[in-house]
Amino acid sequence: MPSDGGPAAESTGHEATDIVFVVAHGFTGDADRPHVRRIARALAAYGAVVTFSFRGHGASGGRSTVGDQEVLDLAAAVAWARGFGHARLVTVGFSMGGSVVLRHAALNPGTVDAVVSVSAPARWYYRGTAPMRRLHWMVTRPAGRLVGRYGFHTRIHHRDWSPVPLSPVEAAARIAPVPLLVVHGDSDAYFPLDHPRMLAEAAGEHGELWLEPGMGHAEHAADDALLARIGEWVRARTH
């Protein structure tokens with residue numbers, strides 16, 4: 001891992017399988033959170049699973065850049081997972097992690113065999129919902145960053161992005177021919193449905209969109225039935 005990135009990744013599941021999932025958690029999550037471990041357990045029915053913590057989250061070092069430099073953390077986890085010798089590698093990201101898996105695949109062609117992006121934004125600086133306005137306050141204000149550090153165990157960098165990273169929708173357009181699955185709940189309080197629709201449209205014929213009735217946001221809202229469907233989709237698209 002990078003020196004300012006997460007701790008050593010953890011691998012679980014079927015070591016002999018030909019598929020390995022690398023799970024990218026959402027903002028304020030980390031590899032030790034129960035909801036992230038639940039995701040890993042569910043996906044372990046379909047392959048080996050690698051989890052890790054983004055920089056600034058939980059026990060990880062450094063400070064979060066809220067999706068920018070985190071692409072380097074994912075790249076390190078992907079390289080580590082490749083070392084186990086699995087034939088196919090799939091990244092699965094949630095919310096912030098969903099934007100990171102899109103950018104990673106776009107910026108590192110040939111490193112993944114499929115991408116699953118759950119509850120991700122399509123564009124940066126979105127403030128159209130109350131949860132996103134609260135998140136921007138936490139990221140941009142000194143008092144908010146204190147709340148992040150002590151309330152959510154997430155240490156946030158104070159600097160603005162420079163340059164602004166490739167947007168998720170721009171990244172989605174560059175992933176082909178790698179298959180992309182975009183998953184989004186129609187009850188997501190953070191990002192309305194124009195976000196997943198933009199991502200799927202950008203991906204073109206190599207993208208697939210699942211709009212999930214009654215689903216909220218990210219890991220907490222992804223139930224075991226949905227995760228099983230994701231596992232089956234990965235099997236079908238990577239063989």
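A polar contact is a pair of N or O atoms within 3.5 Å; within protein, one must be able to donate a hydrogen and the other to accept it. Keep that in mind for the first exercise. The model used here is predicted.

**Exercise 1. Place Asp30 and describe its surroundings.**

Task: Find where Asp30 lies, decide whether Asp30 is buried or exposed, and list what Asp30 touches.

Solution:
- Step 1. Locate the residue. Asp30 sits in the loop that runs between strand 2 (19-24) and helix 1 (34-43).
- Step 2. Check the surface. The relative accessible area of Asp30 is 5%. Buried means under 20%. So Asp30 is buried.
- Step 3. Look for a polar partner. A polar atom of the Asp30 side chain lies 2.7 Å from the backbone nitrogen of Asp32.
- Step 4. List the contacts. Leaving out residues up to four places away in sequence, Asp30 touches His25, Val36, Ser53, His57 and Gly58.

**Exercise 2. Study the aromatic pairs.**

Task: State how many aromatic pairs the whole structure holds, then describe the pair of Phe52 and Phe54 and the pair of Trp124 and Trp161.

Solution:
- Step 1. Count. Searching the whole structure gives 5 aromatic pairs.
- Step 2. Take Phe52 and Phe54. Their ring centres are 5.0 Å apart, with 80 degrees between the planes. Planes over 60 degrees apart count as edge-to-face. This pair is therefore edge-to-face. Both Phe52 and Phe54 are buried.
- Step 3. Take Trp124 and Trp161. This pair is also edge-to-face, at 4.9 Å centre to centre and 70 degrees between the planes.
- Step 4. Trace the chain. Trp124 is in the loop between strand 5 (114-118) and helix 4 (130-140). Trp161 is in the loop between helix 5 (142-152) and helix 6 (168-172). The two are 37 residues apart, so the pair links distant parts of the chain.
- Step 5. Check burial. Trp124 has a relative accessible area of 14%, so Trp124 is buried. Trp161 has 19%, so Trp161 is buried too.
- Step 6. Widen the view. Ring pairs join Trp124, Tyr125 and Trp161 into a cluster.

**Exercise 3. Find a charge over a ring.**

Task: Which residue lies over the face of Trp210?

Solution: Arg229 does, at 4.5 Å from the ring centre.

**Exercise 4. Find the buried face of helix 4.**

Task: Name buried residues of helix 4, explain why they line one face, and say what they pack against.

Solution:
- Step 1. List them. Pro131, Met132, Leu135, His136, Met138 and Val139 are buried in helix 4.
- Step 2. Look down the axis. The buried residues of helix 4 fall within an arc of 160 degrees, so they line one face of the helix.
- Step 3. Find the neighbour. These buried residues pack against helix 5.

Notes
Residues numbered from 1 in each chain as written. Heavy atoms only, no water. Helix = DSSP H or I, 4+ residues; strand = E, 2+ residues; numbered from the N terminus. Buried < 20%, exposed > 50% of the residue type's maximum accessible area, 1.4 Å probe, protein only. Contact = heavy atoms within 4.5 Å. Phe/Tyr/Trp six-rings, centres within 6.5 Å; stacked < 30°, edge-to-face > 60°. Lys NZ or Arg CZ within 6 Å of the ring centre and 35° of its normal. Arc of directions from axis to C-beta.
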